[in-house]
Amino acid sequence: MSTPANEPPVIELGNGAVAIAGRPILRGIDLTVRSGEFVALMGANGSGKSTLVRALTGLRPLASGSLSLFGTPFESFRDWRRIGFVPQRGGAGSGVPASVWEIVASGRLTHRRLLRPLGRRDRAAINEALEVVGLSHRANDGVTTLSGGQQQRVLIARALAGEPELFFLDEPTAGVDLPNQQVLADTLETLSVRGSTIVLVAHELGPMAPLIDRAVVMRDGRVAYDGPPLASADVATAHLDGHHHHHHEPERHDHAPHVSSLLDGAP
């Protein structure tokens with residue numbers, strides 16, 4: 001999706017680093033995401049991709065580097081309603097008995113004044129979010145009665161109910177069967193067509209592959225590749241030499257990478 005040249009990036013991270021208990025996890029990360037992009041953040045387990053998402057959302061502090069969201073330095077950013085975060089599924093209800101509708105309704109909290117009941121716009125946003133993820137017919141059901149894939153869709157609906165412009169999704173298809181992966185892909189396609197900016201953490205793309213504009217591959221806490229989706233052979237030969245490569249193209253690509261050799265840390 002093209003954006004005005006003078007519009008600031010949605011995400012701009014320069015020389016970002018994260019350390020946990022004194023141990024470097026991320027080093028020298030440069031990442032720019034522009035409005036409307038659908039970016040897949042990929043890498044093997046332990047490569048740093050989930051830590052990077054947590055750093056971009058403020059859940060994990062930067063040890064060094066600079067971060068801006070929507071053109072605002074992170075330390076001054078306050079407009080959190082513009083951002084939706086869908087964590088890895090640990091059970092959408094987190095052990096608390098709740099209906100699907102109640103879980104999704106919690107996504108409206110950033111739009112409401114304290115102790116103010118849900119208004120007409122709130123209810124419309126909740127109902128639309130349920131419709132987008134295909135769960136309107138399960139709105140009154142207990143979330144624990146849903147399958148794992150359906151619970152993941154509830155988490156996406158909760159984020160969607162807040163009407164954010166930027167979505168972070170941390171491995172939404174992990175442990176989800178193929179039919180539900182396809183429903184998730186259809187949901188994200190709807191958001192992308194609407195102009196949302198999406199950062200998707202994934203080990204494998206599956207049905208999401210045709211939606212991806214750009215792949216960012218993490219390895220050992222650094223960006224090993226940042227560019228258009230490529231075939232595995234191209235990625236393996238061009239980007240396993242220890243150098244950091246960038247290659248940006250504005251148009252949407254129909255084929256996402258099969259980067260199993262890179263993601264699995266092959267030498």
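Five bridges join strand E9 to strand E10 (residues 222–227), and the two strands run antiparallel. Here strands, like helices, are DSSP runs numbered from the N terminus (H or I over at least four residues for helices, E over at least two for strands), and two strands pair if DSSP finds at least two bridges between them. The model is a predicted one, in which local features need pLDDT of at least 70 and side-chain atom pairs count only at pLDDT 80 or more, while totals for chains, interfaces and linings use all residues. Residues are numbered from 1 along each chain as its sequence is written, and side-chain values use heavy atoms, with hydrogens and water left out.

Within the E9–E10 pair, Arg 219 has Arg 222 of E10 as its bridge partner. The hairpin formed by the two strands has two residues between them. One residue of the loop between E9 and E10 is Asp 220, whose phi is near 55 degrees, a positive value in a residue other than glycine. Most residues other than glycine have a negative phi. Asp 220 is exposed, with a relative accessible area of 55%; the classes used here are buried (under 20% relative accessible area), exposed (over 50%) and partly exposed (in between), with a 1.4 Å probe and protein chains only.

E9 also pairs with strand E3 (residues 38–43), this time in the parallel sense and over five bridges. In that pairing, Gly 43 has Met 218 of E9 as its bridge partner. How many of the six residues of strand E9 (residues 214–219) are buried? Five of them are, so the strand is largely enclosed by the rest of the structure.

A second positive phi is worth a look. Asn 15 is not a glycine, yet its phi is positive at about 50 degrees. This residue is found in strand E1 (residues 11–20) and is partly exposed, with a relative accessible area of 49%.

Turning to the helices, H1 (residues 49–56) is mostly covered, with seven of its eight residues buried. Among these buried residues are Lys 49, Ser 50 and Thr 51. After H1 comes Gly 58, which has a positive phi near 85 degrees. Lys 49 reappears in the surroundings of Glu 171: leaving out residues up to four places away in sequence, Glu 171 touches Lys 49, Gln 88, Val 201 and His 203, where contact means heavy atoms within 4.5 Å. Glu 171 sits in the loop between strand E7 (166–170) and helix H5 (178–193), and Glu 171 is buried, with a relative accessible area of 14%.

Another polar residue under cover is Gln 151, in helix H4 (residues 148–161). Gln 151 counts as buried because its relative accessibility is 10%. A polar atom of the Gln 151 side chain lies 3.2 Å from the backbone oxygen of Leu 146.

The nonpolar interior comes next. A nonpolar core is a set of buried Ala, Val, Leu, Ile, Met, Phe, Trp, Tyr and Cys residues joined through side-chain atoms within 4.5 Å. Which residues touch the most other members of the largest nonpolar core? Among its 45 residues, they are Val 104 and Leu 205. Several elements each supply at least two residues of this core, including E3, helix H2 (100–105), helix H3 (120–132) and E9. The largest share, seven residues, comes from H4. Outside its neighbours within four places in sequence, Val 104 is in contact with Ile 126, Ala 129, Leu 130, Val 154, Ala 157, Arg 158 and Ala 161. Another core, of 27 residues, lies apart from the largest one and has Leu 26, Val 33, Ile 83 and Val 216 among its members.

For the chain as a whole, the model has seven helices and eleven strands. Buried residues make up 48% of the 267 residues. Of the contacts with a separation of 6 or more, 70% are between residues 24 or more positions apart. The chain exposes about 12800 Å², with carbon and sulfur atoms supplying 50% of it; these areas come from the Shrake-Rupley method with a 1.4 Å probe, and for residues only the protein chains shown count as cover.

Finally, a word on confidence. The chain averages a pLDDT of 82, and 78% of the residues score at least 70; pLDDT is the predictor's confidence in each residue, from 0 to 100. Over residues 233–244 the pLDDT stays under 50, and the model has 19 contacts beyond four places in sequence for this stretch. Residues 247–267 also have a pLDDT below 50, with 54 contacts beyond near neighbours in sequence. Where pLDDT is low, the predicted coordinates should not be read in detail.

Terms used
A polar contact is a pair of N or O atoms within 3.5 Å; within protein, one must be able to donate a hydrogen and the other to accept it, and residues adjacent in sequence count only if both atoms are side-chain atoms.
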